[in-house]
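Hello,

Here is the structure I promised to pass on to you. Have a look through it, and then read on for what turned up.

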Amino acid sequence: VKNLRNDLQIIALRSFPEIEGIICEIEKSGAEGVLLSGSGSTVYGIFEKEKVFEAEKKLSDVFPAKKNWQINVVSTF
């Protein structure tokens, strides 16, 4: 997914370096691409369909709902 781009991501990472850790965790869970959405309300990963539910489980352990994290699986098809 080489065409992912968000010009605000660089600025957001300077102001909120913890976003880099979030991006790294999503990449480690198998995402083919990871990007900050818009001005930063969401960080999302793009996964192969076969890998998405395993990644959801891994990320739920890293970013638990009880600490106000949300992980949502959506499909574009």
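Let me start with Lys-58, which counts as partly exposed (20% to 50% relative accessible area, with buried under 20% and exposed over 50%, using a 1.4 Å probe and protein chains only), at 38% relative accessibility. Its partner Glu-54 counts as exposed, at 52%. The two side chains meet in a salt bridge, 3.4 Å from N to O; the term stands for a side-chain nitrogen of Lys or Arg within 4 Å of a carboxyl oxygen of Asp or Glu. Both residues lie in helix H3 (residues 52-62), 4 residues apart, about one turn of the helix. Helices here are DSSP runs (H or I) of at least four residues, numbered from the N terminus.

Some background on the model: it is predicted, so local features need pLDDT of at least 70 and side-chain atom pairs count only at pLDDT 80 or more, while totals for chains, interfaces and linings use all residues. Residues are numbered from 1 along each chain as its sequence is written, and side-chain values use heavy atoms, leaving out hydrogens and water. The protein chain averages a pLDDT of 93, on the predictor's confidence scale from 0 to 100 for each residue.

How many salt bridges does a search of the whole structure find? There are 4. Another of them joins Lys-28 and Glu-25, at 3.3 Å from N to O, and these residues both lie in helix H2, 3 residues apart. Lys-28 is exposed, at 61%, whereas Glu-25 is partly exposed, at 24%.

Best wishes

Methods: Helices (H or I, at least four residues) and strands (E, at least two) are DSSP runs, numbered from the N terminus.
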